[in-house]
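Trainee: I would like to practise the reasoning behind the labels people put on a structure. Could we go through a few of them together?
Mentor: Happy to, let's take a look.

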Amino acid sequence: MGRFMYIAILLLAIISTVHSCPPSDRAALLSFRAALNESYLGIFNSWKGYDCCHEWYGVSCDPTTHRVADINLRGESEDPLFEKAHRTGYMTGTISPSICKLERLSSLTIADWKGITGPIPSCITSLPFLRIIDLVGNKLTGSIPSTIGRLSRLTVLNVAENQLTGYIPRSLTNLSSLMHLDLRNNSIYGNIPTNFGKLRMLSRALLSRNRLTGHIPYSISYIYRLSDLDLSLNKLSGSIPPSLGKMHVLATLNLDGNNITGTIPPSLINSRINILNLSKNTIEGYIPDSFDERSYFMVMDLSYNKLKGRIPKSISSATFIGHLDVSHNHLCGQIPEGSPFDHLEASSFTYNDCLCGKPLKPCH
């Protein structure tokens, strides 16, 4: 009887070893954990025992290979752990290069911990199965790894709200599967790569609040799926490529707070764009008289530029304009009557040279 019991226990041990994560993955995770300090929620308290695939908080494994596939650690979550603590997470420390030993890693999310410092480990670009990198909301420094373009499966790169510097790596445009790029709120400088349009799968490009200079690359208009382009609050110069107005899916175009010159391309006015923010630039010339039934704007902000002339009469033929702001320009003449002007406030028209009519003073 004892012999059978011994064999049964031995078999159970072998089976559980086969179905648990390999010791190398466990060691890599423990080394990763050792470089971090989280003392409020105790999210790493469950990281014990031999099987890192079983009930280790934020760790998921591939059911076939039993290799670690996902690390999902979010400092802002609706997880019971957070609700019980009545607080968001705070973590310090660094992201250890030991993470690069997790050879089958598919997604890496270490987001919104507010206090994690140090660089993004450059060896991360040697993980061939990586699809998601989400490191938003920390205090990471250094630059985006120069060899990021090696990650051929990468669909999401989110490093927003950190303290990153350096250039956008040239190799980034090799990320042929990339759908979501978020670099907002860093100190990234230099030009947007001229061949940015190689990112043919991209649907969102969010690059606002950096120190980017140079022109808006014409090649962006080659990105057929692009629906949201935010280049606001940088130091971009030159004119707006008219081809942006001919894009089939582009719905949001935020270029506010740059040094953009030239005129407003008429193509932007009767395009698929429904949120257009060109405010706080040095755009000159007239508001294009090319509004028609295709013009549908939830927001159109042209304030704080050097626009002159009249508000075009064709604006009344737009299907919808929810919010319009043309304040702080050099516009003149009568504000057209009827929609959309009947629901707009005076602040949308103030600080121009000689605009008149409702909601401003009557014209004489």
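**Reasoning from value to label**

Mentor: This is a predicted model. Let's begin with Phe-341 and Phe-349, both of which are buried.

Trainee: What makes a residue such as these two count as buried?

Mentor: Buried means under 20% relative accessible area, and both Phe-341 and Phe-349 are put in that class.

Trainee: Why is the pair of Phe-341 and Phe-349 called tilted?

Mentor: By the pairing rule there are 7 aromatic pairs. In the pair of Phe-341 and Phe-349, the ring centres are 6.1 Å apart, and the planes meet at 40°. Centres within 6.5 Å make a pair, and planes under 30 degrees apart would be stacked, over 60 edge-to-face. An angle of 40° fits neither, so the pair is tilted.

Trainee: Which residues form an aromatic cluster?

Mentor: Phe-32, Phe-44, Trp-47 and Trp-56 form one. UniProt, in an unreviewed entry, lists residues 23-62 as "domain: Leucine-rich repeat-containing N-terminal plant-type". In the model, that span is 30% helix and 12% strand, and its end C-alpha atoms lie 15 Å apart.

Trainee: Why does Met-298 count as partly exposed?

Mentor: Its relative accessibility is 42%. Buried is under 20% and exposed is over 50%, so Met-298, at 42%, is partly exposed. Met-298 lies in strand β16, residues 296-301.

Trainee: What makes Met-298 suitable for a nonpolar surface patch?

Mentor: Patch residues need over 30% relative accessible area, and Met-298 has 42%. Together with Tyr-296 and Phe-320, Met-298 makes a nonpolar patch of about 280 Å².

Trainee: How do you know that β2 and β3 pair?

Mentor: Pairing takes at least two bridges, and 3 bridges join β2 (residues 59-61) to β3 (residues 68-74), so these strands pair, running antiparallel. Ser-60 stands opposite Asp-70 in β3. Their hairpin has 6 residues between the strands, and His-66 there takes a positive phi near 60°. β3 is also joined to β5 (residues 107-111) by 5 bridges, in the parallel sense; Leu-73 has Ile-110 in β5 as its bridge partner.

Trainee: Why are β17 and β20 said to stand at the edges of their sheet?

Mentor: The sheet is open, with 3 strands in the order β17-β19-β20 and parallel pairing. β17 (308-309) and β20 (354-356) each have a single partner strand, so one side of each has no neighbour in the sheet.

Trainee: How many bridges link β17 to β19?

Mentor: 2 bridges, in the parallel sense. Lys-308 has His-330 in β19 as its bridge partner.

Definitions and conventions
Residues are numbered from 1 along each chain as its sequence is written. This is a predicted model: local features need pLDDT of at least 70, side-chain atom pairs count only at pLDDT 80 or more; totals for chains, interfaces and linings use all residues. Side-chain values use heavy atoms; hydrogens and water are left out. Patches are made of residues with over 30% relative accessible area and no salt bridge: like charges are joined within 9 Å, nonpolar side chains (Val, Leu, Ile, Met, Phe, Trp, Tyr) within 5 Å. Accessible areas come from the Shrake-Rupley method with a 1.4 Å probe; for residues, only the protein chains shown count as cover. A salt bridge is a side-chain nitrogen of Lys or Arg within 4 Å of a carboxyl oxygen of Asp or Glu. Helices (H or I, at least four residues) and strands (E, at least two) are DSSP runs, numbered from the N terminus. Buried means under 20% relative accessible area, exposed over 50%, partly exposed in between (1.4 Å probe, protein chains only). UniProt positions are given in the numbering used here, feature names are shortened, and annotations may be inferred rather than shown by experiment. Rings of Phe, Tyr and Trp (its six-membered ring) pair if their centres lie within 6.5 Å; planes under 30 degrees apart count as stacked, over 60 as edge-to-face and the rest as tilted.
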